[in-house]
Structures are given as C-alpha cells and as structure tokens.
Amino acid sequence: VGVTKYVTADLARMLLDAGCIDLAESRPQALWSRAEAMAGHEPQPRWHLVGHLQRNKVNLAVRHASLIHSVDSLRLLEAVSDCATENHRPAVLLQVNVSREASKTGFAVEELPGIWESIVAYAGRVEIRGLMTMAAESADPEEARPVFAELRRLRDRLSEAAATHASGICLNELSMGMSGDFEPAIEEGATLIRLGSLLFEGLSSTTV
C-alpha cells in the first residue's frame with residue numbers, strides 16, 4: 001500500500017501508473033481530497049485509510065476507503081457499523097497496540113480474545129478482514145520482529161475463535177510493516193505493508 005500523505009498528486013499518479021493500485025492516506029479529509037483530485041485517473045486507485053480515525057469522521061472514511069486499517073475500539077467499530085448500508089458493508093482491520101506504547105491507540109493484545117463475542121456481533125454489517133499494528137520506531141528493523149510475530153499469533157488464535165461462529169469473519173489480512181521495517185513484517189506473515197518514504201524517494205529521484 002503506497003502511503004501518499006507527504007507527496008504531490010503528480011507523484012501519487014506516478015505510483016499508480018507504475019502498478020501500485022492500493023494507495024493510502026492518514027486522515028479522512030485528506031483521503032477525500034486526494035480521491036476527488038484523482039477521480040478521473042485510470043487506473044483507479046483502491047483507497048485505504050491507515051491513520052487514526054475519530055468517530056465524527058467515520059462517514060467520510062466509509063464513503064472513500066476500500067479498507068480502513070485503524071479501527072481501534074468497540075465504539076469506533078460500532079460507529080462504522082452505523083454507517084453501513086444495505087449496499088455497502090465497510091471493510092476494516094482491527095488495530096492492535098502490540099508494542100504496548102502509551103502513545104499508540106488500539107486494542108490491547110490481552111483484551112481482544114475476551115471481547116471477541118462483542119466484535120462478532122458487528123460482522124453482519126462490517127467486513128472484519130484482519131489485524132493491523134505498528135512497531136515502535138527503531139533504527140534496527142529486527143527490533144520490530146517480535147511485535148509482528150505476536151500479531152500473527154494473535155490472529156491465529158482469533159481465527160480459531162472465528163471458526164466456531166457462523167459470522168463469516170476471515171482474518172486473512174495482516175497490515176504490518178512500514179518503510180523502515182517491512183522486511184521482517186513480510187517474513188512474519190504480513191499481507192499488507194504500508195510504504196511511503198521508501199517508494200517516493202525513488203520516484204522523486206527519477207523526476208529531477
């Protein structure tokens with residue numbers, strides 16, 4: 001997923017033309033603005049929201065994002081569910097604070113199994129595709145590996161719990177890893193990596 005929040009629309013279009021169809025913004029307002037600016041471009045991007053989402057911005061995110069990575073509480077999941085319609089079932093990932101940093105939002109690793117029944121209750125209106133996390137910032141990518149491995153193990157536990165329900169929940173997606181730590185994320189099972197600076201530094205150098 002190419003994160004476009006720090007680049008011009010022209011650079012975002014270059015990434016799209018290069019074959020990266022999945023693009024992301026961190027804020028719902030920026031997502032709306034970017035989606036409007038690129039509305040006539042072919043191929044059309046699939047937009048992701050990867051940043052913190054406030055409940056009063058949920059409707060904007062649901063309208064423009066094909067996948068919301070950052071559902072970090074039951075209250076937010078309820079708000080997303082309230083925006084679902086008969087023709088549109090929003091797709092989300094549950095954000096988990098695996099690094100246990102006070103500065104990060106997200107479900108606690110220890111709480112998710114205990115509230116799984118409550119999460120399942122929203123599955124009819126919200127498509128819960130998997131989990132997301134962010135590792136602590138570090139110059140050494142290997143320091144992120146235990147975080148990614150723990151998220152994968154949690155996903156496996158929850159997948160077993162999901163199999164006991166007729167909810168249709170399939171936790172196929174693991175969104176983890178960014179420009180500085182995507183390699184251990186992939187090795188630990190990431191299906192979605194969120195790359196920004198790594199992609200666009202290369203694109204910027206080709207346009208000079």
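So, what do the buried residues of helix α6 pack against? They pack against α5, β6, β7 and α7. In sequence terms, that's 116-120 for α5, 127-132 for β6, 173-175 for β7 and 182-187 for α7. And which residues of α6 are the buried ones? Val147, Phe148, Ala149, Leu151, Leu154, Arg155, Leu158 and Ala162. Keep in mind, by the way, that we're looking at a predicted model.

The helix itself covers residues 145-162, so to speak 18 residues on the page. From its first C-alpha to its last, α6 reaches 25 Å, close to the 26 Å expected at 1.5 Å a residue. In general, an α-helix has 3.6 residues a turn, so residues three or four places apart point the same way.

How sure is the predictor? The average pLDDT for the protein is 92, and 95% of the residues score at least 70. The stretch to treat separately is 204-208, where the pLDDT is below 50. Beyond near neighbours in sequence, that stretch has 4 contacts in the model.

Okay, on to the sheet. What's the strand order? We have an open sheet of 7 strands, running β1-β2-β3-β4-β5-β6-β7, and the pairing is parallel. β1, at residues 2-3, and β7 stand at the edges with a single partner strand each, so one side of each has no neighbour in the sheet. Our helix α6 comes back here: α6 packs on the sheet, touching β6 and β7, and its direction makes about 150 degrees with that of β6.

Let's walk through some of the pairs, starting from the β1 edge. β1 and β2 are parallel, paired over 2 bridges, and Gly2 stands opposite Leu23 in β2. Next, β2, residues 22-25, pairs with β3, residues 46-49, in the parallel sense over 4 bridges. There, Ala24 sits opposite His48 in β3. Then β3 and β4, also parallel, are joined by 2 bridges. His48 turns up again in that pair, with Leu67 as its bridge partner in β4.

Are the faces of β2 covered or open? Both are covered: Asp22 and Ala24 on one side, Leu23 and Glu25 on the other, all of them buried. β4 is mostly covered too, with 5 of its 5 residues buried.

Another helix worth a look is α4, residues 74-82. Its buried residues are Leu76, Leu77, Ala79, Val80 and Ser81. Those pack against α3, β4, β5, α5 and β6.

Now the core. Which residues touch the most other members of the largest nonpolar core? Out of 55 residues, the answer is Ile68, Leu94, Leu112, Trp116, Ile128 and Leu131. The largest share of this core, 6 residues, comes from α6. Apart from it lies another core, of 9 residues, including Val1, Ala24, Val50 and Ala91.

If you want to click on one core residue, try Leu131. Setting aside neighbours within four places in sequence, Leu131 is in contact with several α6 residues we named as buried, among them Leu151, Leu154, Arg155 and Leu158. Its contacts also include Leu93, Leu94, Val96 and Leu112, plus Glu173, Leu174 and Ser175.

Last, a few spots in loops and on the outside. Which residues does the cis peptide bond join? Glu42 and Pro43, with omega at about 0 degrees. Pro43 is in the loop between α2, residues 28-37, and β3. Gln44 is in the loop between α2 and β3 as well, and counts as partly exposed, with a relative accessible area of 36%. Not counting residues up to four places away in sequence, Gln44 touches Leu16, Ile21, Met38 and Ala39.

Then there's Arg100, in the loop between β5 and α5. Its phi is near 60 degrees, which is a positive value in a residue other than glycine. For background, most residues other than glycine have a negative phi, and most peptide bonds are trans. Arg100 is partly exposed, at 44% relative accessibility.

And is Arg63, over in helix α3, buried or exposed? Exposed: its relative accessible area is 54%, and the cut-off for that is over 50%. Arg63 and Cys20 are 43 residues apart along the chain, and their C-alpha atoms are separated by 21 Å.

Methods. Residues are numbered from 1 along each chain as its sequence is written. This is a predicted model: local features need pLDDT of at least 70, side-chain atom pairs count only at pLDDT 80 or more; totals for chains, interfaces and linings use all residues. Side-chain values use heavy atoms; hydrogens and water are left out. The expected span of a helix is 1.5 Å times one less than its number of residues. Buried means under 20% relative accessible area, exposed over 50%, partly exposed in between (1.4 Å probe, protein chains only). Contact means heavy atoms within 4.5 Å. Two strands pair if DSSP finds at least two bridges between them. Axes are lines fitted to C-alpha atoms, for helices over the stretch in contact, and angles run from 0 to 180 degrees between N-to-C directions. A nonpolar core is a set of buried Ala, Val, Leu, Ile, Met, Phe, Trp, Tyr and Cys residues joined through side-chain atoms within 4.5 Å. pLDDT is the predictor's confidence in each residue, from 0 to 100.
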